[in-house]
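Work through the following exercises with the sequence and the coordinates open beside you. Each one sets a task and then gives a solution in steps.

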Amino acid sequence: MNVKNFVLSYYKNATSNMHIQIVKNSMEAQKPHTHDYYQIYYIIKGSVENFTEVGSSLLFQGDMVITPPKSMHFIKQSENSEFYSFSFTAHALGKIRNGNKLANDYISWLNNEKNILTKVTLKDSESLTVENIFMQTLNEFNQKKVAYEEVMCCYLNLLITTFARKHLESEEATKVKILYGYREQIKHSIQYVNQNYAEDFSLKEMAQYSALSVSVFCKVFKEVSGCTFNEYLHKTRISVAKKLIQQGLKISVVCGLVGYKDFSTFYRNFKKITGCSPEKYLNRHKLYR
């Protein structure tokens with residue numbers, strides 16, 4: 001497949017970082033291509049089908065989508081369709097991302113190749129506002145008044161923030177919010193491990209203790225603690241083991257006291273977490289006492 005790569009200077013009237021136009025019939029965009037800039041499509045009328053490497057999405061009036069750099073795509077337009085095409089470089093976007101965490105997080109998420117199909121569907125009241133932003137941006141671009149690029153960046157900030165906010169309202173984001181709601185249950189399970197590390201309990205039993213499915217428990221546990229449940233359990237046990245060894249208890253006794261049934265599992269986890277064997281740890285402690 002012959003895939004053409006466009007640079008922003010392809011548009012003869014583009015600035016060094018931005019270009020905007022209303023597209024009625026683009027022959028070039030209907031061929032597989034990539035570009036070295038971000039591009040927003042906002043459908044004014046008719047429909048546009050956007051094809052990417054991972055599938056296609058059908059855009060109608062009031063829909064918009066961002067295509068990140070280096071993403072192969074092409075479109076098919078319905079008869080008499082029109083859309084805004086707003087192209088901008090990573091440099092232009094950088095001015096926004098530095099001061100807008102919401103936009104920054106969204107762009108980071110967007111740059112994942114699996115997310116390039118994501119479109120935003122606006123309500124009627126929202127589409128009026130967004131369409132006005134595009135119109136004002138196009139006016140600034142065409143009139144080129146003093147500081148027009150800075151004004152265009154302000155409008156771009158509004159558009160990216162709109163994408164980000166709609167994303168947070170999406171079904172996927174709602175699922176994430178639900179997961180965050182389980183934080184307190186996970187904190188209780190962590191407290192239980194801290195107090196009962198020597199007990200013999202499984203991942204499944206801890207999920208049941210937290211009244212969560214195993215998959216949800218694992219996902220939220222890692223979000224809260226920064227590691228998997230098993231990693232946290234072993235780290236807790238080895239942390240206690242280090243203190244017991246420092247107190248003079250025999251290593252073979254410590255193994256059982258912190259919940260390990262066999263010495264080889266204890267030895268393997270101790271070395272993995274501390275970087276040395278229990279014996280070497282004991283010898284080092286004796287040297288520095």
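The exercises below concern a predicted model, and they go from the sheet to the helices and then to the charged pairs.

**Exercise 1. Find the order of the strands in the open sheet, state the sense of their pairing, and say which strands lie at the edges.**

Step 1. The open sheet is made of 5 strands, and reading across it gives the order S2-S9-S4-S7-S10, with antiparallel pairing.

Step 2. Strand S2 (18–23) and strand S10 (119–121) each pair on one side only, and these two are the edge strands. From one strand to the next, the twist averages 15°.

Step 3. The pairings can now be followed individually. Strand S4 (residues 38–45) is joined to strand S9 (residues 82–88) by 7 bridges in the antiparallel sense, and within this pairing Tyr 38 has Phe 88 of S9 as its bridge partner.

Step 4. S4 is also antiparallel to S7, to which 4 bridges join it, and here Tyr 42 stands opposite Met 64 in S7. Between S7 and S10, again antiparallel, there are 3 bridges, with Asp 63 opposite Thr 121 in S10.

**Exercise 2. Determine how many residues of S7 are buried, and which helices lie across the sheet strands.**

Step 1. Side chains in a regular strand alternate between the two faces of the sheet. In S7, Asp 63, Val 65 and Thr 67 point one way, whereas Met 64 and Ile 66 point the other way.

Step 2. The residues of both sets are buried, so that the strand is mostly covered, with 5 of its 5 residues under the 20% limit on relative accessible area.

Step 3. Two helices are to be placed against the sheet strands. Helix H4 (residues 148–168) lies across S2, S4, strand S7 (63–67), S9 and S10, and runs at about 105° to S7. Helix H1 (residues 90–97) lies across S2, S4 and S9, and its direction makes an angle of about 80° with S9.

**Exercise 3. Separate the covered face of strand S8 from the uncovered one, and identify the residue that is the bridge partner of Glu 49.**

Step 1. In strand S8 (residues 73–77), the covered face consists of His 73, Ile 75 and Gln 77, while Phe 74 and Lys 76 form the uncovered face.

Step 2. Strand S5 (residues 47–52) pairs with S8 in the antiparallel sense over 5 bridges. The bridge partner of Glu 49 is Lys 76 in S8, a residue that belongs to the uncovered face.

**Exercise 4. Describe how helices H6 and H9 pack, giving the angle, the distance between the axes and the residues that meet.**

Step 1. Helix H6 (residues 183–196) packs against helix H9 (residues 229–246) at an angle of about 35°, the axes being 9 Å apart, and the crossing is right-handed.

Step 2. On the H6 side the residues are Ile 190, Val 193 and Asn 194, and they meet Phe 229, Tyr 232, Leu 233 and Thr 236 of H9. Sorted by class, this contact holds 5 nonpolar residues, 2 polar ones and no charged ones.

**Exercise 5. State how many salt bridges the model has, and examine the pairs of Lys 45, Asp 105 and Arg 183 for distance, separation in sequence and accessibility.**

Step 1. Side chains of opposite charge can pair when their charged atoms come close. With a cut-off of 4 Å between nitrogen and carboxyl oxygen, the count is 7 salt bridges.

Step 2. Lys 45 and Glu 82 form one of them, with their closest N and O atoms 3.7 Å apart. Because Lys 45 lies in strand S4 and Glu 82 in strand S9, the pair ties together parts that are 37 residues apart in sequence. Lys 45 is partly exposed at 36% relative accessible area, whereas Glu 82, at 16%, counts as buried.

Step 3. For Asp 105 and Lys 101 the closest N and O atoms are 2.8 Å apart. Both residues belong to helix H2 (residues 101–110), and since they are 4 residues apart there, about one helical turn separates them. Asp 105 is partly exposed, at 38%, and Lys 101 is exposed, at 63%.

Step 4. Arg 183 and Glu 223 meet in a salt bridge with an N to O distance of 3.7 Å. This pair links distant parts of the chain, with Arg 183 in helix H6 and Glu 223 in helix H8 (residues 214–225), 40 residues apart. Both count as partly exposed, Arg 183 at 28% and Glu 223 at 44% relative accessibility.

Key. Residues numbered from 1 in each chain as written. Predicted model: local features only at pLDDT ≥ 70, side-chain atom pairs only at ≥ 80, totals over all residues. Heavy atoms only, no water. Pairing = 2+ DSSP bridges. Axes fitted to C-alpha atoms, helices over the stretch in contact; angles between N-to-C directions. Contact = heavy atoms within 4.5 Å. Buried < 20%, exposed > 50% of the residue type's maximum accessible area, 1.4 Å probe, protein only. Left-handed = near helix turned anticlockwise from the far one by under 90°. Nonpolar A, V, L, I, M, F, W, Y, C, P; charged D, E, K, R; others polar. Salt bridge = Lys/Arg side-chain N within 4 Å of Asp/Glu carboxyl O.
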